[in-house]
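Biologist: Before I turn to the bench, I should like to go through this chain with you point by point. Would you show me the sequence and the structure?

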Amino acid sequence: MMYPMASVVKTFPALAAGLILLCACGGGGGEKPEAKKELTPLATAEPAGDAIITGKVAFTGDKPAAKTISMDAVPACAGQHKGPVPAEDTVVNPNKTLKNVFVYVKSGLPARQWAAPKTPVPLDQKGCIYSPRVIGLMVGQDLEISNNDPSMHNIHPLPKNNKEWNTSQAPKGEKMVRQFDKEEVMIRFKCNVHPWMVAWVGVLSHPFHAVTGDDGTFSLKGLPPGEYTLEAWHEKLGTQEIKVTVAAKESKTADFSYKN
Ligand SMILES: [Cu+2]
């Protein structure tokens, strides 16, 4: 059965008008922000910006009593240390700053895709201790785990957002390379063989993170101009936030201070 031509002709203008109306609603209203934002890929070589935030993490409390790890029951571990092995859950540096604080940009970065460095981040096991104890890693970046001990270890991260795994590594065995595919601050690593072994890995989708060392300082370089919230994370003393605004090429200081 054929429709009369007149009705087809009448239908098309109605459809066309409807489409124009739809387009006008979607494009011109400005009432709703766009639901999807395309992330601009950033090549590894391209600097994101030239602002710098540096600072230190002070410790003003009473120096915690020295604690030691008891590994005497495992001669393969204890034999690699001269004397007692200090627990490193809170390390106060001689200049009254804190070591092993993870400092990172928590919010304020432009919606952009940041390329993960090709360089792997090493996590070593020596004397039955994870080293470094605190690590910053980008999503998709290689974490390269080595066992330099004469004994077996069992690397076991305990993530909440990422996939949990649990893998043995033979004495002086092959390096193990792993990645995490989601942001997570922080993932605790344990060893199923040696209960005192602890490492913490912070996984971010951008490169603006640092871990304080023996001088308690940090530096976040190559930032685009913006208003940022920095977070400092310490495994025992918790987190702190500071808001910092930087213009292009500007250098600013952000100092954290903890006490127990
Ligand atoms: Cu172990």
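**Questions on the chain**

Modeller: M186 is found in strand β14. The model is a predicted one.

Biologist: Which peptide bond involving M186 is cis?

Modeller: M186 belongs to strand β14. Its bond with V185 has an omega of about 0°. The cis peptide bond is therefore the one that joins V185 and M186.

Biologist: How many bridges link strand β14 and strand β15?

Modeller: Strand β14 covers residues 184-191 and strand β15 covers residues 198-204. One of the bridges joins E184 to V203 in β15. The two strands pair in the antiparallel sense, and the count of bridges is five.

Biologist: Which strands stand at the edges of the sheet that contains β14?

Modeller: That sheet is open, with mixed pairing and the strand order β9-β15-β14-β11-β12. Each edge strand has a single partner, so one side of it is left without a neighbour in the sheet. Neighbouring strands here are turned by 30° against each other on average, direction ignored. The edge strands are β9 (134-138) and β12 (167-169).

Biologist: In the open sheet of four strands, what is the bridge partner of L143 in β13?

Modeller: The order of the four strands is β8-β7-β10-β13, with mixed pairing. β13 (176-178) stands at an edge with a single partner strand, so one side of it has no neighbour in the sheet. Strand β10, residues 143-147, pairs with β13 in the antiparallel sense over three bridges. The bridge partner of L143 is R178.

Biologist: Which protein atoms are the donors of the copper ion?

Modeller: The donor residues follow the spacing H-x37-C-x2-H-x2-M in sequence. Their donor atoms lie 2.0 to 2.6 Å from the copper ion. They are H153 (ND1), C191 (SG), H194 (ND1) and M197 (SD).

Biologist: Why does the arrangement of the four donor atoms around the copper ion count as irregular?

Modeller: Two of the donor residues, C191 and H194, are buried. The arrangement is judged by angles, and those subtended by the four donor atoms make it irregular. These angles are 95 to 135°.

Biologist: Is S205 buried, partly exposed or exposed?

Modeller: S205 sits in the loop between β15 and β16 (209-211). Leaving aside residues up to four places away in sequence, S205 touches W114, M138, V139 and E183. Its relative accessible area is 33%, and the intermediate class runs between 20% and 50%. S205 is therefore partly exposed.

Biologist: Where does K249, a residue with positive phi, lie?

Modeller: The phi of K249 is about 65° although K249 is not a glycine. At 66% relative accessibility, K249 counts as exposed. Its place is the loop between β19 (238-246) and β20 (251-253).

Biologist: Over which residues is the pLDDT below 50?

Modeller: For the chain, the mean pLDDT is 86, and 82% of the residues reach 70 or more. The stretch with pLDDT below 50 has one contact in the model beyond near neighbours in sequence. That stretch is residues 1-35.

Key: Residues are numbered from 1 along each chain as its sequence is written. This is a predicted model: local features need pLDDT of at least 70, side-chain atom pairs count only at pLDDT 80 or more; totals for chains, interfaces and linings use all residues. Side-chain values use heavy atoms; hydrogens and water are left out. Two strands pair if DSSP finds at least two bridges between them. Donors are N, O and S atoms within 2.8 Å of the metal (3.2 Å for Na, K and Ca); water is not among the atoms, so sites may look incomplete. Four donors count as tetrahedral if all angles lie between 85 and 135 degrees; four count as square planar and six as octahedral if opposite donors are over 155 degrees apart and all others between 65 and 115; anything else is irregular. Buried means under 20% relative accessible area, exposed over 50%, partly exposed in between (1.4 Å probe, protein chains only). Axes are lines fitted to C-alpha atoms, for helices over the stretch in contact, and angles run from 0 to 180 degrees between N-to-C directions. pLDDT is the predictor's confidence in each residue, from 0 to 100. Contact means heavy atoms within 4.5 Å.
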